[in-house]
Amino acid sequence: MNWIELRALNSLYKTGEVKLNETLKQSGEINYLINSLSVLDRSHTTLFVLEDFDKIYEKDYLEKYNQYITFLTENNLLKPWIRFDEKDIQILISIKEDMDNGNLEPLREQIIKNEATVRIVSLMFFKNEKYLLGKDALINTVKIILNIQELADDKDLQYKYVLECYHPKCIVLCENIDFLKRPTLARANHIELWYAGGKNITKLDYADTRGLPIYYSCDWDYDGLFIIYPLVKEKIPSITLLTPNAAPKTIKETEHLSRWENIGDKNIDLLLADTQKIILNGLIQRDEWIIEEANLLLEMLEDEAF
C-alpha cells in the first residue's frame, strides 16, 4: 500500500466513506477488502464501509497508521503530494531511529566523505541500487533524515564502506548494510565491518585485509550463496563463509525473489562446509531462506573460533 491508500482507509474508518480516485480503484488492498472480506463496497464515485470494517481496520491497520502519521507529522514530512509506499515509511522510520540513537553516525560520515551517490544510498537502505532513482520526494526525505545536503547523482560505485574499530581482530564483509548500522557490538569485540554493496564487488579487487582473517556474512538465499559469494571468493580467496544462526523464513510468505529453483548444477561442495550443506539442503526442501541481519554476528564468529 502507499500513503494514499493508507490515508483513505483511515478516512473510511473516521467518516464511513471516501471519494474514489484512480489509485483507490486500482488498489489491491482495497479490492481485497471489497471482494474477499466484504467489508467495503463502492459506487461509481464513492467507496463506503460495510459491517465489520471497523473491526478489521482496528485489528490490522489502525496501530500502523497511527505510527506512520505520528512519524510523518513529527518530522514535517506530511505533504499533500506524498505517496510513499508503506515499506518506504517503515524504512524511513528505521533510519530515523538509527540516527537518533547514534548508530548511523559513522556511516553518515562516510557517506559525506565518499560523496555517496543516490544509487549507493539506495542500495544501503532499500537493498536495490535503482530503487530511489526518479523518486525525488523520497530522496529528499532520506537526505533530511540523514542530515545530508547533497547526494551525487552519478553511477560511481567504487567505494566500500568500513566500520572501523580499535585493534581489529578480524574483518566481516557484509552483503547488506544492516550490521554497519549497529556499531556498538562490532567495535566492542574488535570486529571491522565492510560493506561493498551486494553484487557490486568490483572494488574488492583493491581490498587489503592486512593479514586479518576475513569472513563473509550474507543472506542465505540463491543470490547470496551462489551469485555474490562465488564472486567475492574469486577476489578474496581466503574469505570464510559464516554459518547462520537465525530462524529461516518462508520464501513464499516473505515474497522473496531469490529462489532455489535457479540452483541447477551449482557445485555446492566447492563453496560450503559439510555442516553448511546440511543447513542449505533443509532450506531448499522447505523453500526457506535466512535473512542476514537476523543472525547474531558474534555467535557466528565464535563458531569460527573467533
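This is a short dialogue on reading pockets and one buried residue in a predicted model.

Me: How is empty space found, and what volume lies in the largest pocket?

Reply: Happy to start there! Rolling a probe the size of a water molecule over the atoms shows where empty space is left. In this model, the largest pocket holds about 1,600 Å³ of space.

Me: Which residues lie nearest the centre of the largest pocket?

Reply: Look for Phe126, Lys127, Asn128, His256 and Trp289, out of a lining of 40 residues. The elements giving two or more residues to that lining are α6 (86-100), α8 (118-126) and α11 (222-235). Of these, α6 provides the largest share, with seven residues.

Me: What classes of residue make up the lining of the largest pocket?

Reply: There are 16 charged, 14 nonpolar and ten polar residues in the lining of the largest pocket.

Me: And what volume and lining does the second largest pocket have?

Reply: About 280 Å³ of space lies there. Its lining includes Pro106, Tyr159 and Arg187. Two or more residues each come from α7 (105-113) and β4 (161-163), and α7 gives the most, with four. By class, the lining of the second largest pocket has five charged, four nonpolar and two polar residues.

Me: Now for a single residue: is Glu288 buried or exposed, and why?

Reply: Buried is the word for anything under 20% relative accessible area. Glu288 counts as buried because its relative accessibility is 14%. You can find Glu288 in strand β10 (residues 288-289).

Me: Which residues does Glu288 touch, leaving out those up to four places away in sequence?

Reply: Glu288 touches Pro248, Lys249, Thr250, Ile251, Trp260 and Leu283.

Definitions and conventions:
Residues numbered from 1 in each chain as written. Predicted model: local features only at pLDDT ≥ 70, side-chain atom pairs only at ≥ 80, totals over all residues. Heavy atoms only, no water. Buried < 20%, exposed > 50% of the residue type's maximum accessible area, 1.4 Å probe, protein only. Contact = heavy atoms within 4.5 Å. 1 Å grid on protein atoms, 1.4 Å probe; cavity = no way out; pocket = protein on both sides within 12 Å on 5 of 7 lines; lining within 4 Å. Points joined across faces, edges and corners; volume = space filled by probe spheres on them. Nonpolar A, V, L, I, M, F, W, Y, C, P; charged D, E, K, R; others polar.
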